[in-house]
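Let's walk through this structure together, starting with how some of its helices pack and ending with its pockets. Have the 3D view ready to turn as you read.

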Amino acid sequence: MSGSEQPKRRLRSQDWFDNPDHLDLTALYLERFMNYGTTPEELRTGKPIIGIAQSGSDINPCNRHHLDLAKRVRDGIRDAGGIPIEFPSHPLFENCKRPTAALDRNLAYLGLVELLYGYPFDGVVLTTGCDKTTPSALMAASTVDIPAIVLSGGPMLDGWHDGELVGSGTVIWRSRRKYAAGEITKEEFLERALDSAPSVGHCNTMGTASTMNAMAEALGMSLTGCAAIPGAYRERGQMAYRTGRRAVELVMQDIKPSDILTREAFLNAIRVNSAIGGSTNAQPHLMAMAKHAGVELLPEDWQIHGFDIPLLANVQPAGAYLGERFHRAGGVPAIMWELLQAGKLDGSCPTVTGRSMAENLEGKEAVDREVIKPYAEPMRERAGFLVLKGNLFDFAIMKTSVISEGFRLRYLQEPGREGVFEGRAVVFDGSEDYHKRINDPSLAIDEDCILVIRGTGPLGWPGSAEVVNMQPPDHLIQRGILSLPTIGDGRQSGTADSPSILNASPESAAGGGLAWIRSGDKIRIDLNQGLCDMLVSDEEIAQRKAEGIPAVPADATPWQMIYRQTVTQLADGATIKGADAFRQISKTPPRHNH
């Protein structure tokens, strides 16, 4: 069906603008749209009304160029016979929102649900980019279930400093170590970081932003090739236009998120995340998206379906290159092409293109084998997330694609105990405590210690903070020991190159095992069995429980109070309790307002 053809069924928007049973209300809904020059025939003749969920603003630099891209989206919608209506969505800027942008993901979700449900939209273009903008948008699209399509904003151009590639986020964590080792000055620290952001766009590393937009494409919710186009490239504007056109066609064909977001699609996304060396934040976000889509996704699916997938993308933090060259090498379609050829991808999954995933991937083989490796010759075998459990938590993950050779040699290759190591716990209550005491000589931190941070989960922070990627004390860094084993009930930046054990659930603030560990305890980590335990007797743990859960900061805002009262744990996606019961709500029109 072409974009210019009108659907035979009545559109949702006609209940507002062309309702013969409520002429007075039709007049009420129409009249204020007239005050900026819209004509009644535009809204009354059954043309699809397509919302543009605008995530760009001055407060979200990563997505700000969507303010310009929306013009091309509008052009595409108009040319396909639709009517565009642009509206703002809640800003989610990872770098600056305190105490963490994760706190606002569920708030942005709630806001977008109300907008899509309560206004006369037949379809929507979801503009995404920065980390939480993608999951919040897709969570809302699943709840409402009107035709929807994701337009990501794309990464920044590659960053360079003194002839060296410097990737956003990753350069911060690496510069921290260089500064602690005395290799760079304060001024160079800042210069390296600022040089990593040379243009419009989100993180140019395979951090959470690039990962989540890759997940949208892997799920079938973006046009093929959308995720990795740099924000500054002309192709980004062309993709915006084509996305606008396709949004109208999705309404014509009545293709909704519920037709695309299947369990098979989510398993494809898990596999793609492993192959690109994707962010550990993909775990709670995909779990949340699946929950709102009514798809059963289990914590163990990350290991069953993702761990054995090899690392194919040579992109920081797991590799060497950045987003611009990744796109030029073939981007997400080239990664998926490799998985499809290897029989590791379900090519039958439907997508927003109207074609199957296999059809979308025809001829998408990589053109730069230095950046995108063949499946048979990967960067690393078995590069997915390990799923761990024990008396410290019921669930946590460890990103294996960023395990350095030095870390592997020090902790994972003891003869006869490969993959198993023990260490003395050094426990910190939040990142303030960590930064205050990490260099305290009295802690006697050496290479046989395991750094533990708690009070950093959804309840404890609140919102779950990206603080688990703790670096060793300066004296160890100066000896060349750049990472220690770390464990926490929070998250870490997707741009971090630390093989931390994180997203631990239940968190300490919920009475998880991390609440009862003490500095000096021994911890045994067995990656072969997927176990992580403090070597403390049950009797001792019972005595410690009598002391109570470590204190967490008081609620600072009304939303923090509501968030804590409603949020689930990271293992389950940190969603709003009970919100997943609301699905496909667009089937029932909202009540009239007068």
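In this predicted model, helix H12 brings Arg271, Val272, Ala275 and Ile276 up against Ile335, Met336 and Leu339 of helix H16. Sorted by class, this contact has six nonpolar residues, one charged and no polar ones. H12 covers residues 263-276 and H16 covers residues 331-341; their axes lie 10 Å apart and make an angle of about 110 degrees. Angles of 65 to 115 degrees count as roughly perpendicular, so that is how H12 and H16 stand to each other. The crossing of H12 past H16 is right-handed.

Now turn to another pair, helix H5 (residues 102-118) and helix H6 (residues 133-144), whose axes are 8 Å apart at an angle of about 40 degrees. H5 and H6 are therefore oblique to each other. Their crossing is right-handed. On the H5 side, the contact includes Arg105, Tyr109, Leu112 and Leu116, and on the H6 side Pro135, Met139, Ala140 and Val144 are among the residues taking part. By class, the H5 and H6 contact holds 11 nonpolar residues, three polar and one charged.

Finally, look for empty space. The largest pocket has a volume of about 1100 Å³. Which residues, of the 44 that line it, are closest to its centre? They are Glu94, Asn95, Cys96, Trp173 and Glu466. Helices H7 (170-180), H8 (186-195), H9 (208-218) and H19 (431-437) are the elements that each give two or more residues to this lining. The lining as a whole is made up of 22 nonpolar, 15 polar and seven charged residues.

How values were computed:
Residues are numbered from 1 along each chain as its sequence is written. This is a predicted model: local features need pLDDT of at least 70, side-chain atom pairs count only at pLDDT 80 or more; totals for chains, interfaces and linings use all residues. Side-chain values use heavy atoms; hydrogens and water are left out. On a 1 Å grid over the protein atoms alone, a cavity is a set of points where a 1.4 Å probe fits but cannot get out, and a pocket is an open set with protein on both sides within 12 Å along at least five of seven lines; lining residues have an atom within 4 Å of a point. Grid points are joined across faces, edges and corners, and a volume is the space filled by probe spheres set on the points. Helices (H or I, at least four residues) and strands (E, at least two) are DSSP runs, numbered from the N terminus. Ala, Val, Leu, Ile, Met, Phe, Trp, Tyr, Cys and Pro count as nonpolar, Asp, Glu, Lys and Arg as charged, and the others, Gly among them, as polar. Axes are lines fitted to C-alpha atoms, for helices over the stretch in contact, and angles run from 0 to 180 degrees between N-to-C directions. Angles under 35 degrees count as roughly parallel, over 145 as roughly antiparallel, 65 to 115 as roughly perpendicular and the rest as oblique. A crossing is left-handed if the near helix is turned anticlockwise from the far one by less than a right angle, and right-handed if clockwise. Contact means heavy atoms within 4.5 Å.
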